[in-house]
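Colleague: I've got a model open and some labels to go with it, and I'd like to know what stands behind them. Can we go through them one at a time?

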Amino acid sequence: MRYFRIFLLHFQYAFELRSLSVVWTLITFLNVWLYLLFWQGSIRSEGISPGGMTLADISTYYLLLMIAGSFIASHVDEDIAYRDIKQGFLIAHLMRPFAYVKTKFLDEIPWRIIQGFFGIVVFVASMLFFHINVQLVSDWQGIVTAVIIVILAYGISFLWSMILGLSALWITEYSGLQQLSTVVAIVLAGYLVPVNFLPDGMRLVADVLPFSYMAYYPVRAVQGALTTQESLRVIGVQTVWLVFFLFCFFH
């Protein structure tokens, strides 16, 4: 019950700053639409994308990617590095009778809910206004596996963000590592182009590292583009990364 009350307090704070969530969602929306317009022009001229995706597939992918960027992508590392560590608020957290990771989790969830809601609103508005034929998973087995993949994706994203933020305890200038992580994620998580568009070598690297399992594969699962075997493989790899990050965090 006490954790639920903490969650409500954090939700109230995040809701008071909902204008920030709107701005961040719109920034994600503009980036996504730039990518989408580029690929729409390319597909219309060539007939099909390099990865074999149709216009409806690529449109659905980038619109869902906007929701993934708002709902799944955790940004708790900035708060940990700059506020808790650099400004010294970590001491106050350590003095409380609550686990630090649980506090940060309850702090981050309201932001994901609010920004995810705005992302869905923009998604539906874009679909209706631009008459986009959205293709989503429809069978129950696909829906269940997609939900599992999305939940695991958030867990990986949150733990990675926690570890990244806590690295400020040992690194004097944290921003360089943060920017490096952002650039790598943009390329290998499928934000710039879908992972199946990448060259074979880069696609292999993307399948090994955790970034594609935070965005690309959850989006493809919600699209219904993964077979049962592919979904089970993704869940297996996500589980391995989740356990690995848990081990790193607690050791």
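Modeller: Let's begin in the middle. The largest nonpolar core has 69 residues, and Y62 and M162 are those with the most contacts inside it. Helix α7 (residues 140-166) gives the most to this core, with 12 residues.

Colleague: What makes a set of residues a nonpolar core?

Modeller: The members must be buried Ala, Val, Leu, Ile, Met, Phe, Trp, Tyr or Cys residues joined through side-chain atoms within 4.5 Å. Buried means under 20% relative accessible area, exposed means over 50%, and partly exposed is in between, with a 1.4 Å probe and protein chains only. As background, nonpolar side chains tend to be buried together in soluble globular proteins.

Colleague: And what are the ground rules for the numbers?

Modeller: This is a predicted model, so local features need pLDDT of at least 70 and side-chain atom pairs count only at pLDDT 80 or more, while totals for chains, interfaces and linings use all residues. Residues are numbered from 1 along each chain as its sequence is written, and side-chain values use heavy atoms, with hydrogens and water left out.

Colleague: Which residues does M162 touch?

Modeller: Not counting residues up to four places away in sequence, M162 touches V76, I80, Y100, V101, K104 and F249. Contact here means heavy atoms within 4.5 Å.

Colleague: How many helices and strands are there?

Modeller: The chain has 11 helices and zero strands. Helices (H or I, at least four residues) and strands (E, at least two) are DSSP runs, numbered from the N terminus.

Colleague: Why is the chain called as compact as a globular protein of its length?

Modeller: Its radius of gyration is 19 Å, close to the 18 Å that the globule rule gives for 251 residues, so the label fits. That radius is taken over C-alpha atoms, and the rule is 2.2 Å times the number of residues to the power 0.38. Along its principal axes, the C-alpha trace spans about 60 × 40 × 40 Å. Of the 251 residues, 47% count as buried. Residues 24 or more positions apart account for 77% of the contacts with a separation of 6 or more.

Colleague: What makes T60 buried?

Modeller: T60 has 0% relative accessibility, so it counts as buried under the 20% cut-off. T60 sits in helix α3. Leaving aside neighbours within four places in sequence, T60 is in contact with N133, V134, Q135, L136 and Q223.

Colleague: D57 is an acidic residue in that helix. Why does D57 count as buried?

Modeller: Its relative accessibility is 18%, which is under 20%, so D57 counts as buried. D57 lies in helix α3 (residues 55-71), and its contacts beyond four places in sequence are Q135 and Q223. D57 and A225 are 168 residues apart in sequence and 9.0 Å apart in space, C-alpha to C-alpha.

Colleague: How do you know that T145 is buried?

Modeller: At 14% relative accessibility T145 is under the 20% limit, so it counts as buried. T145 is found in helix α7, in contact with S231 and I235 once neighbours within four places in sequence are left aside.

Colleague: Why is helix α10 called largely enclosed?

Modeller: Seven of the eight residues of α10 (residues 216-223) are buried, so the rest of the structure largely encloses this helix. The buried ones are Y216, Y217, P218, V219, R220, A221 and Q223. They pack against α3, α7, α9 (200-208) and α11 (228-250). After α10 comes G224, whose phi is positive, near 80°.

Colleague: What makes R203 partly exposed?

Modeller: Its relative accessibility is 26%, in between 20% and 50%, so R203 counts as partly exposed. R203 is found in helix α9 and touches V195, N196 and L198, not counting residues up to four places away in sequence. R203 and L94 are 109 residues apart in sequence and 41 Å apart in space, C-alpha to C-alpha.

Colleague: And why is G41 partly exposed?

Modeller: G41 has a relative accessible area of 39%, again in between the 20% and 50% limits, so that is its label. G41 is found in helix α2 (residues 18-46). From G41 to L188 there are 147 residues in sequence and 23 Å in space, C-alpha to C-alpha.
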